[in-house]
Structures are given as C-alpha cells and as structure tokens.
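Hi,

Here is the structure I said I would pass on. Have a look at it first, and then read my notes underneath.

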Amino acid sequence: MKKLLGSTKEISKEGFRYRGMQATRLENLTDAVFGFSITLLVISSQVPTTYIELQASMYSFIGFIFCTMLLLGLWNNHSNFFLYYGLSDGKTKVLNALFLFVLLFYIYPLKYLFSYIGTAIYATLKRSLGDSSEALRTAVKNLNAAELNVEQWEDLMIRFGLGLVFIYGIVILMHLNALKQSEELQLNLREKYITNTFIHNYIQLMLISVASIMVVVIFGGTAAGYSGMVYLLTPIIIPLYKKYRVRKMVDLDQE
C-alpha cells in the first residue's frame, strides 16, 4: 500500500493534523503554474510606449489586484489541501491536473473582466475628483474601444462563472477523495467533520457562481452588474457558515 500518511506532529488551529509537511513534486508543479498564471496577468499587457500610456495603464491596477487576490486565495486553499492530507495518489494527480488546466484556461477571461471593471471604477473615481487628464481620457478611450455589447457581457459573465464552478467542483472531488481514504489517512472524527465543512463551503461557492450565471441567462447581459453583485454574498455566507460549523463542532466535543 502506498504510504500517504506523513508527519502528524503539527496541527492546525482547528485541530487538523498536518500530513503533508514535505512538499512533493505535485505541489511544486502546482506552485509553478500559479506563479506562471500571475505572471501572465502582467506580461499579457502591451508595454506602454509613451508616458501617457504608462499613466493610463495604471487604471487597470485595481483589476490586477483583484485577479491576484483571487489567484492567491485559490493557491492558499489548494496548498492547505496538500498540507492537511498529504495525498499523491492517482486520482489526486488527475484532479490536480484538471485543476491546473482550468486555471490556465481561466486566466485571460479573468484578466479581461477584472481589468475592465477595475479601470471603470478607477476612472469613475478620478472623474468624481475632478480629474480631466490626458491619461484619464486615454483610459476611457480604451474602455470604449472594448465595445462590449449586451450579448458579450452575458457571455463574459457566464465564462467567468463557469470557470469558478469547474474549479470549485474539482476541489470538492479532491476532498471527497480524501474522505474515501479516511482509514488510510487515519482521519479522526474532528478531521472528518472539518473536511465535510470544506466540502460544504465549496458547494456554497459553486451555488453562488451558478446563481450569478442564472441572472444573466434569465435576464440577459443588461443584468451583468447584478450578476457580479451576486458574488458579494461570498464574504457574508462563508464566514457565517464557518462560525456555525465551529459552534457545532464545540458542541460535539462536549458531548
């Protein structure tokens, strides 16, 4: 039997024993792909040839921050999975490969959407402060050049949502695979409970993404703004559910 259980001397603050204290080639490959993905966010942009273009390019910086935060969040959750379970079996390798494929395919739609939104937000803010610089006019001109119509907004929001659905779905399957190997991993009741909490959280994230997609499917691209606002449910639902599960876990410990 392939040895899947590593060191259990270190535990998380929730009481989950770490089984993947030593990074594997699979994790190193994943880290490299994440690093390459963040690099693509930068090098995919055209290099400014004038100072005005350089100033205008800064308007998309907010979008770059959003993209990077999303990627780092995915990386952190992915890293914790291997830290907790230390799995390197065949199914985990296949699911991880699918995860990386979707991630790389997802980069350009992600960058396009957040760059557009980030530039629009920053340009609106600068206008409200009385800015009328040439850099602002150039940034607005670039936004207008995109010429996103109603159908394109609908397609863009669907692409964005589907990317998240696939990514979260793959991570759910990875955790389910860990649960199936609970005996070999020697998962105790608390660790199984925490694993199920992870699965529930990702299901909720999937449902939020599906709800966002349904908004534009039902109401069309004119509702793209409302479709995006659906994702604001994430920082509300996930923390509340985590608190509920923590309280319930404490109750279970006292029984």
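Below is what turned up, going from the overall fold to the pocket, the core, the rings and the cavity.

One thing before you start: this is a predicted model, so every value here is computed from predicted coordinates.

**Overall layout**

The chain has 10 helices and zero strands, so you can read the element order from the N terminus as helix after helix, α-α-α-α-α-α-α-α-α-α. Along the principal axes, the C-alpha atoms fit a box of roughly 65 × 35 × 30 Å. Out of 255 residues, 42% count as buried.

**The largest pocket**

This is probably where you'll want to look. The largest pocket comes to about 1,400 Å³. It is lined by 43 residues, and those closest to its centre are Leu70, Tyr168, Leu205, Thr234 and Ile238. Which helices supply at least two residues of that lining? They are α3 (61-85), α4 (90-128), α6 (150-180), α8 (189-219), α9 (224-229) and α10 (234-254). The top contributor is α3, which gives 11 residues. In terms of class, the pocket lining splits into 29 nonpolar, 11 polar and three charged residues.

**The core**

The largest nonpolar core counts 54 residues. Inside it, the most contacts belong to Phe81, Tyr85, Phe99, Leu110, Phe160, Ile167 and Tyr168. At least two core residues come from each of α1 (25-43), α3, α4, α6, α8 and α10. Here the largest share is from α6, with 13 residues, whereas for the pocket lining α3 gives the most. Tyr168 turns up in both places: it is on the list of residues with the most contacts in the core and on the list of those closest to the pocket centre. As background, nonpolar side chains in soluble globular proteins tend to be buried together.

**Rings**

Searching the whole structure gives 17 aromatic pairs. One of them is Phe101 with Phe105, a stacked pair with 6.3 Å from centre to centre and 10° between the planes. Why are these two about one helical turn apart? Because they are four residues apart in helix α4. Both Phe101 and Phe105 are exposed.

There is also an aromatic cluster made up of Phe16, Tyr18, Phe81, Phe82, Tyr84, Tyr85 and Phe198. Phe81 and Tyr85 from that cluster are also among the core residues with the most contacts. Elsewhere, Arg245 has its charged end over the ring of Tyr193, at 3.9 Å from the ring centre.

**The cavity and Asn77**

The structure has one cavity of 30 Å³ or more, and the space inside the largest cavity is about 30 Å³. Its lining consists of Leu74, Asn77, His78, Phe99, Val171 and Tyr202. Helix α3 supplies the largest share of that lining, three residues. The split by class is four nonpolar, two polar and no charged.

Asn77, from that lining, sits in helix α3. Is Asn77 buried or exposed? Neither quite: Asn77 is partly exposed because its relative accessible area is 33%, and the partly exposed class runs between 20% and 50%. Asn77 also comes within 9.7 Å of Phe198, C-alpha to C-alpha, although the two are 121 residues apart in sequence. Phe198 is the one listed in the aromatic cluster above.

Cheers

Conventions
Residues are numbered from 1 along each chain as its sequence is written. This is a predicted model: local features need pLDDT of at least 70, side-chain atom pairs count only at pLDDT 80 or more; totals for chains, interfaces and linings use all residues. Side-chain values use heavy atoms; hydrogens and water are left out. On a 1 Å grid over the protein atoms alone, a cavity is a set of points where a 1.4 Å probe fits but cannot get out, and a pocket is an open set with protein on both sides within 12 Å along at least five of seven lines; lining residues have an atom within 4 Å of a point. Grid points are joined across faces, edges and corners, and a volume is the space filled by probe spheres set on the points. Ala, Val, Leu, Ile, Met, Phe, Trp, Tyr, Cys and Pro count as nonpolar, Asp, Glu, Lys and Arg as charged, and the others, Gly among them, as polar. Rings of Phe, Tyr and Trp (its six-membered ring) pair if their centres lie within 6.5 Å; planes under 30 degrees apart count as stacked, over 60 as edge-to-face and the rest as tilted. Buried means under 20% relative accessible area, exposed over 50%, partly exposed in between (1.4 Å probe, protein chains only). A charge sits over a ring if NZ of Lys or CZ of Arg is within 6 Å of the ring centre and within 35 degrees of the ring normal. A nonpolar core is a set of buried Ala, Val, Leu, Ile, Met, Phe, Trp, Tyr and Cys residues joined through side-chain atoms within 4.5 Å.
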